[in-house]
Every structure is written in structure tokens, then in C-alpha cells.
Amino acid sequence: MLFWRIPALAPCPAAENPWPRPVQGGKQGHCSALPRWPIAFAAKTGTSGAIGLAPACTPAGEGGQKRRLRLHGCETAPFTIRLDDLGYEVAGRPVLAGITLQSSARRIGVVGRNGSGKSTLARLLAGLIAPTSGQVRIGGHDVFRDRRAALETVGILFQNPEHQIIFPRVAEEIAFGLRQQGLDKAQAAARVEAVLRSFDKPHWKDAPISALSQGQKHLVCMMAVLAMRPQLLILDEPYAGLDIPTRRQLARYLHRAGTRLLHISHEPSDLETCDELFWLDRGRIVAQGAPALLLPDFTAEMIRLGELDDIADLAG
Ligand SMILES: Nc1ncnc2c1ncn2[C@@H]1O[C@H](COP(=O)(O)OP(=O)(O)OP(=O)(O)O)[C@@H](O)[C@H]1O
Ligand SMILES: [Mg+2]
């Protein structure tokens, strides 16, 4: 049996704010049937990154700092992703090392070849794994140590929707993250209906997920995470393996949602519209700048590497 904390909820005093806010304490929730624990659950709780919890009155600061209030549509300080000398090792072998960056861009890109450490970085940013060294701060929160803050801040979409999906039917899949955020059954059901309607998919509600195509499963994951309204959505190559129309449609949905994005990809065309781009190579940031400047160099380097035979190289 698995246990996790579900925040207790109280009505937000801001009259215009329809969402509840978390309060001190909490009650114990449990789940006895998560088929792909821990990957699926970690992914899911990562996707719970977000939202729904009182945009008008959720404290966005952290212990030791002056607390700031997020206001409707504006913030008193820019939302910042900050990595300080971040490192991650597996059995003493470095996968990521010395990663220091800071960005308040709305659309951040991370480009890197296979095995450069992109997915590891995505998991660190979502607080799903602990850094071996250094720190991750998303919107001022240490997202690994402060899981509750992480769940209010970061969502993630993985390359493989099978790593994210837990439940057999669409509505319960979307509802799960909302319940994690503290919405009661009726509130979650109403939000599920609303998100399905907004994607023009109300007829998907009771559809068995096993009957969906890969692209449709991606859309379920996207609806589930956007239903939770994350401040930052991390995309770990969610378009890989999808055809052009499906990629374009999913990209359009994301654009419409207007969520702050950190998009990770090895595919330069995915990242052309980012505001700021970081190039990850062998676990280190080797360059940063505008996509128009960086992507031609990245592409040239990938073509050069294509002449070599180093696919089998492992980290370290
Ligand atoms: N748990 C682990 N155990 C052993 N090695 C790992 C582990 N996690 C990551 N690595 C290694 O770290 C390196 C980076 O892996 P990661 O999955 O982060 O790369 P990536 O850039 O996402 O690759 P891809 O583009 O193929 O998805 C790889 O060499 C991988 O083998
Ligand atoms: Mg990866």
C-alpha cells in the first residue's frame, strides 16, 4: 500500500478566486493499485505540478525569504528557473555536472543529443529525483524537498505517455491529478468535463485509454496536466514519434494554453520559437542564447557527429 499527503483545503478569502487554498496540516491518502509505481506515480505526481490551488492567494515565496503573493495575471517578482551548480550521478558516474543557469523567459528550450542528460534534467526540474549536488529552484521553490510547492508549480509531459498514464479510462486519468491537488470528487469531475469540452473531446470521457493511438494518449496526458494549470510545464520530447498533423495540433493546444514552457528536445525545429535556448552536451551546458544563433551551430555539430560511431558511449 502506498501513501502520500493530500493537503487539507480551505476556501480562499479572495472573493474573486474560485479555487481553494492549501492550509497547514493535511490528511493521509492512499492508493493500493498503481500498476507502474514508482515511474507512473512519480510522473503523475510530477504532472500534478500545479495549479488550481488559489492563484490569487498561494504564497509563492519560501522559508527564509520574504513571502510574495501571486496575483491574478501578474506577479510581484518574475517567475524564475534557477539551477546552481547542479549535478547528478548514477553509481558515482556523472550524468549531469556543474549546471548553473537562470532564466525568466516564458519559453525556454534545452537542446541536446541522445544521452546528453535531457530527461535526467527534466526529472530534476520536476523534483522527481534528488540532485547529487547543487540546487534546483523553480519559482523560488526547492522542488525536490518541497513536494507540496512542486505540485503547485511544475507539470511535466514525458516522451512516452505510457510512463505517465495510470488509469484505464480518460476521465479518471485526468481526475487523478486534480484529486492530488485537493479538489473533491465533484470539483474534479466538473474540471474534467470542462477540460474535455475545451479540447472538444467530451465524448472521450469514458473511452478506454488502451484503445487510443499514441497521439491520442499524448493528448490525454496534455489535458490531464493542463487541467491542473501548472505555472511551468516541462516538455521532455513529447512530440517524438508523432506525425506532423498530431505534432502541430498538440503544439497549437499548448500555445493556446499560454503556459510557461521548458521544452527539451534533440530536434532543432521544435525549439525555433523559444525565447532562450540552452545546449546540453555530455551533462553540461555548453552554450546558451537565441535559437537563431544556437540552432545552426547545434545542427552542424550533430551532422559532424553523425560521421562518427559513438552511439554506444555511456555516461561518465
Ligand atoms: N538511472 C540510470 N542508471 C544508469 N544510467 C543512467 C540513468 N539515468 C541516466 N543514465 C545515463 O545518463 C545519460 C543521460 O541519460 P538521459 O536519459 O538523461 O539522456 P537524454 O538526453 O534524455 O537521452 P535521449 O535523447 O536518448 O532521451 C545516459 O548515458 C544514460 O545511460
Ligand atoms: Mg530523454
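This report describes the fold of one chain in a predicted model, moving from the chain as a whole to its sheets, its helices and two loop residues.

## The chain as a whole

The chain holds 316 residues, of which 39% are buried, and its secondary structure comes to eight helices and 15 strands. Of the contacts in the chain with a separation of 6 or more, 70% are made between residues that lie 24 or more positions apart.

## The six-stranded sheet

One open sheet is built of six strands in the order S11-S12-S13-S9-S14-S15, and its pairing is mixed. The edge strands are S11 and S15 (284-289), each of which pairs on one side only, and from one strand to the next the twist averages 20°.

Within this sheet, S12 is flanked by S11 and S13 in the strand order. Strand S11, which spans residues 154-157, pairs with S12 in the parallel sense over four bridges; here Ile156 stands opposite Ile234 of S12, and Leu157 has Leu235 of S12 as its bridge partner. On the other pairing, S12 and strand S13 (residues 260-265) also run parallel and are joined by five bridges, with Asp236 standing opposite Ile264 in S13. Between these two strands the chain passes through helix H7 (residues 244-257), and the resulting β-α-β crossover from S12 to S13 is right-handed.

## Strand S12 and its surroundings

How many of the five residues of strand S12 are buried? Five of the five, residues 232-236, are buried, so the strand is largely enclosed by the rest of the structure. In a regular strand the side chains alternate between the two faces of the sheet. In S12, Leu232, Ile234 and Asp236 point one way while Leu233 and Leu235 point the other way, and all of these residues are buried.

Helix H2 lies across S9 (107-111), S11, S12, S13 and S14 (276-281), and runs at about 160° to S12. Six of the eight residues of H2 (residues 118-125) are buried, so this helix, too, is largely enclosed by the rest of the structure. The buried residues of H2 are Lys118, Leu121, Ala122, Arg123, Leu124 and Leu125, a list that includes the charged residues Lys118 and Arg123. Just after H2, Gly127 takes a positive phi of about 75°.

## The three-stranded sheet

A second open sheet has three strands in the order S8-S7-S10, with antiparallel pairing. Strand S8 (93-103) and strand S10 (133-138) stand at the edges and each has a single partner strand, so one side of each is left without a neighbour in the sheet. The twist in this sheet averages 20° from one strand to the next.

Strand S7, which covers residues 81-90, pairs with S10 in the antiparallel sense over five bridges. In this pairing, the bridge partner of Gly87 is Ser133 in S10.

## Helices H5 and H6

The axes of helix H5 (residues 185-198) and helix H6 (residues 214-227) come within 10 Å and cross at roughly 125°; the two helices are therefore oblique to each other. H5 passes H6 in a right-handed crossing. On the H5 side the contact is made by Arg191, Val192, Val195 and Leu196, and on the H6 side by Met223, Leu226 and Ala227. An α-helix has 3.6 residues a turn, so residues three or four places apart point the same way.

## Two loop residues with positive phi

Most residues other than glycine have a negative phi. Ala91, in the loop between S7 and S8, has a phi near 50°, a positive value in a residue other than glycine. Arg229, found in the loop between H6 and S12, likewise has a positive phi, of about 55°, although it is not a glycine.

Which of the words buried and exposed applies to Ala91, and which to Arg229? Ala91 has 5 other C-beta atoms within 10 Å and is exposed, because a residue with 12 or fewer such neighbours counts as exposed. Arg229, by contrast, has 22 C-beta neighbours inside 10 Å and counts as buried, because the cut-off for a buried residue is 20 or more.

Technical notes. Residues numbered from 1 in each chain as written. Chains lettered and ligands numbered in written order. Predicted model: local features only at pLDDT ≥ 70, side-chain atom pairs only at ≥ 80, totals over all residues. Contact = placed C-beta atoms within 7 Å. Pairing = 2+ DSSP bridges. Right-handed = clockwise from strand over helix to strand, strands pointing away. Axes fitted to C-alpha atoms, helices over the stretch in contact; angles between N-to-C directions. Parallel < 35°, antiparallel > 145°, perpendicular 65-115°, else oblique. Left-handed = near helix turned anticlockwise from the far one by under 90°.
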